[in-house]
Amino acid sequence: MIAYHTNPLGILQLEAADDQVRSIRFVEEKTGPCSETPSLVLLECLSQLDAYFAGSLRAFDFPMHQPGTPFQQRVWQGLLGIPYGRTVSYLQLSKTLGDAKAIRAVGTANGRNNLAIVVPCHRVIGSDQALTGYAGGLWRKQWLLDHEARHANGVRTLF
């Protein structure tokens, strides 16, 4: 099933199967057929995205799953551990996962995240605090970080 969410960043395409959200990605336009009656999990995802963009939701809890290697799953779990309104560097995330030398692999796994916003890969930045790599575009990454900073007591905390 497919649904779309229009928000300040454009359009998100949501895909669900087996009562789990499998993909949330930015699209330029609604390209696929939208489900006439979205599943309960898509309705919950849409509702939670609305709350996130309104600034009243900090963590998502609807059923979700994205296939990946065991390493990718560890990285994505690591992303879920980054607090709302905070950022970490790729190196710091690598160290948290137990291998500072895996920084490039962590970056690659981060880039393969199919659950934009929900699995917060936008919270990972360069060691020099530069915004680097975001499938939705760096302007969206900046917007998401600023949005979270506004709703996390107004202070953006780096590292």
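How many disulfides does the structure hold? In this predicted model, the structure holds 0 disulfides, and the cysteines offer a good place to begin. A disulfide is a covalent bond between the sulfur atoms of two cysteines. For Cys 121, the closest cysteine sulfur belongs to Cys 45, and it lies 14 Å away, which is too far for a bond, because a pair of sulfur atoms has to be within 2.5 Å to count as a disulfide. Cys 45 is itself buried, with a relative accessible area of 0%, and Cys 121 is buried too, with a relative accessible area of 9%.

Cys 121 leads on to another residue, since it is one of the residues that Asn 110 touches. Asn 110 is found in helix α4, which covers residues 103-111. Is Asn 110 buried or exposed? Its relative accessibility is 5%, so Asn 110 counts as buried, the cut-off for that word being under 20%. Leaving aside residues up to four places away in sequence, Asn 110 touches Val 75, Leu 79, Tyr 90 and Val 124 as well as Cys 121.

From a single residue we can turn to a pair of helices. Helix α1, made of residues 40-54, packs against helix α5, made of residues 138-151, at an angle of about 75 degrees, and their axes are 9 Å apart. That angle makes α1 roughly perpendicular to α5, because angles from 65 to 115 degrees are described in this way. On the side of α1, the contact is made by Tyr 52, Phe 53 and Ala 54, while α5 contributes Trp 143, Leu 144, His 147, Glu 148 and His 151. Sorted by class, this contact of α1 with α5 has 5 nonpolar, 2 polar and 1 charged residues.

The strands come last in this tour, although their residue numbers are low. Strands of a sheet pair through backbone hydrogen bonds, either parallel or antiparallel. Here an open sheet of 3 strands has the order β1-β2-β3, and the pairing is antiparallel. Which strands form the edges of the sheet? They are β1, at residues 2-7, and β3, at residues 20-27, each of which pairs on one side only. From one strand to the next, the twist averages 25 degrees. Looking more closely at one pairing, the reader can follow β1 and strand β2, residues 10-17, which run antiparallel and are joined by 6 bridges. Within the sheet, Asn 7 stands opposite Gly 10 in β2.

Terms used
Residues are numbered from 1 along each chain as its sequence is written. This is a predicted model: local features need pLDDT of at least 70, side-chain atom pairs count only at pLDDT 80 or more; totals for chains, interfaces and linings use all residues. Side-chain values use heavy atoms; hydrogens and water are left out. Axes are lines fitted to C-alpha atoms, for helices over the stretch in contact, and angles run from 0 to 180 degrees between N-to-C directions. Helices (H or I, at least four residues) and strands (E, at least two) are DSSP runs, numbered from the N terminus. Angles under 35 degrees count as roughly parallel, over 145 as roughly antiparallel, 65 to 115 as roughly perpendicular and the rest as oblique. Contact means heavy atoms within 4.5 Å. Ala, Val, Leu, Ile, Met, Phe, Trp, Tyr, Cys and Pro count as nonpolar, Asp, Glu, Lys and Arg as charged, and the others, Gly among them, as polar. Buried means under 20% relative accessible area, exposed over 50%, partly exposed in between (1.4 Å probe, protein chains only). Two strands pair if DSSP finds at least two bridges between them.
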